[in-house]
Amino acid sequence: MSTTPRMPSTPRGPLRRLLAALWRFIDGARRVAVNLLFLAIVAALVAPLLFARKPHLADNTTLVVNPAGSLVEQYTGGAREAALAQALGEIHRETQLHDVVDAVDAAARDARIGRIALVLDDLSGAGLPQLRELAAALRRFRAAGKQVVAWGVGYDQRQYYLAAQADQAYLDPEGQVLLQGFGGVRNYYRDALDRLGVSVNVFRVGKYKSFAEPFVGNGPSPASVEADTAWLNDAWSTYTTDVEQARHLAAGSMARMIDELPRRMEAAGGDAARLAVDEKLVDGLMTKEEFRQAMIERGAADATHKTFRQVGFDAYAAMQPEAPAEQDHVAVVIAAGDIIDGEAPQGVVGARTLTELIRGEREDEHVRAIVLRVDSPGGSALGAELIRREVDLARKAGKPVVVSMGDLAASGGFWISQSADEVFADPATISGSIGVIGLLPNVEHTLDKLGIHASALGTTWLSTAADPRRELDPRYATLVQASIGRVYREFLERVAAARKTTPEQVDDVAQGRVWTGHQAKERGLVDTLGGLHEALQAAANKAGLGEKFHVRYVEQEPRGLERLLRLLPDAAAQAIETRIAARLPLAVAGVAGDLRWLRAAPAGPSSVYAHCLCTAP
């Protein structure tokens, strides 16, 4: 055995020690400088949010209501993430509905606010019930003796609904009012999946439960066409009636205009803006500069900024005092998004997350009543039941619970609403869809095409029965269908108990069929037609709080740096998704969203969906 002799170490000389000490100093100074720079950047971002000086309001100020992005019940991820993203200069993708409504209602009581300038160019998404909620606030503002003036480069269907509520609505001379009606195109994948060798085993209860039709057919079933036509026509009737009443147009005039649009456009010389004036959809044509001058004349000039005296609704909302947590109030808990088991950030209804929020409000002695604002198409049946139980516990604890249905409260979203003291729905809410479904895809033939072969081995038949690489075992199919049937019966029983009727009578209007809020009220599925404003008042009355009461919106608390660190990967994912979507032809729009249901198909008979696979008009 040989060994290598170890050389004796040489003592460090003075020069070497000096250089090492200098390097350690430089390295330490670099670390300090980098850390200080990082802290300075964080302070620069956070300080404006924490210490922003509230603007001073002079008399005759105009409130500018210019919501950007989609109107939502709550920010995806959370308000802090939204504020930080805005500070980082990201495009404003979401505006909280209640922020705008609260600002408009506060302005109606504020003597310093003389009018509202409604500028809707950046509004890109909203359901009809949300639009109706904001429209009602604008009408309350006008009822206070104040004026609303709208202007836009152009109005799409959502934007125009709000513009129609104004005292005067103006349009850019090069703009148009685009009214198309409700509807859309749905993809069906039967032939495509056959070519790929993919089969989909569907388990459902409900004649009208059309959730799985895109995966097993090349077109909609007659029952699906019947149900969708009924609720779409009812929702469109609500839209046109509201607009015609707001603009003082004859009943049916919008339908006649759309039917005769080619002829009327030719008569207007192809000028869409002039056509909007001729049809009395708007009161006149103005450029942006002309609108600015008109607002100066109606209000007061801001000489410093060379425009009219104004305050943005977001800045104005930040000026409003928040009710102290130790003061008696009505708590608003929002259930927005697909329902899943476990925890989830805002934008998805995590059953564990939401039940913890409801439990916290139940145990808070200053919470006198709870309003559950539902905007969900459903999802996990188990998650929906867990949430319903927590709502039931709050009510049994002596705290009134009122449900306010927003754009969607269908299937699982309808399920979680069944333990409330009173259920409010907007006439255009998508509701009902009382039905249950399960999907089990099979890719055995797909693997054959690729030359991949699977072999099963297990201690019982059940250990590999649901594997998508093998043909579905009929015994397993029996298990799943039995589970689906049990959950559907439970759904009927929950609704029957809440609506004080029988499961058999509920079944007559269930079967997975979607109803508008108006249709649901006629069939006894909801108690009252109204929005969040009316639901809050009802909850306050049940709690004995009277006409003047405080409201607090409950938001999930962020956990450490998790949400901050999630911003960068989210931004990267968004950029990638946008690039991919831009390269897809319009004919395959929505494929990724549809096929995610196959990727997330339940793996066992205890995992079933109560989801309507529908979107708000």
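Two strands are taken to pair if DSSP finds at least two bridges between them, and with that in hand the sheets of this predicted model can be followed strand by strand. Six strands, in the order β9-β7-β6-β4-β1-β12, form an open sheet whose pairing is parallel. Because β9 (284-285) and β12 (310-312) stand at its edges with a single partner strand each, one side of each is left without a neighbour in the sheet. At the β9 edge, strand β7 (residues 168-171) pairs with β9 in the parallel sense over 2 bridges, and Y170 has G284 in β9 as its bridge partner.

Helices pack on this sheet as well. Helix α4 (residues 128-143) touches β4 (113-119) and β6 (147-152), and its direction makes about 150° with that of β4. Helix α12 (residues 288-298) lies across β1 (61-65), β4, β6, β7 and β9, and runs at about 165° to β6.

Further along the chain comes strand β13 (residues 329-336), of which 8 of the 8 residues are buried, so that the strand is largely enclosed by the rest of the structure. In a regular strand the side chains alternate between the two faces of the sheet. In β13, H329, A331, V333 and A335 point one way, while V330, V332, I334 and A336 point the other way, and all of these residues are buried.

Strand β13 also has parallel partners: 8 bridges join it to strand β16 (residues 367-376), where V332 stands opposite V371, and 4 bridges join β13 to strand β24 (residues 551-554), again in the parallel sense, with R552 in β24 as the bridge partner of A331.

How values were computed
Residues are numbered from 1 along each chain as its sequence is written. This is a predicted model: local features need pLDDT of at least 70, side-chain atom pairs count only at pLDDT 80 or more; totals for chains, interfaces and linings use all residues. Side-chain values use heavy atoms; hydrogens and water are left out. Contact means heavy atoms within 4.5 Å. Axes are lines fitted to C-alpha atoms, for helices over the stretch in contact, and angles run from 0 to 180 degrees between N-to-C directions. Buried means under 20% relative accessible area, exposed over 50%, partly exposed in between (1.4 Å probe, protein chains only).
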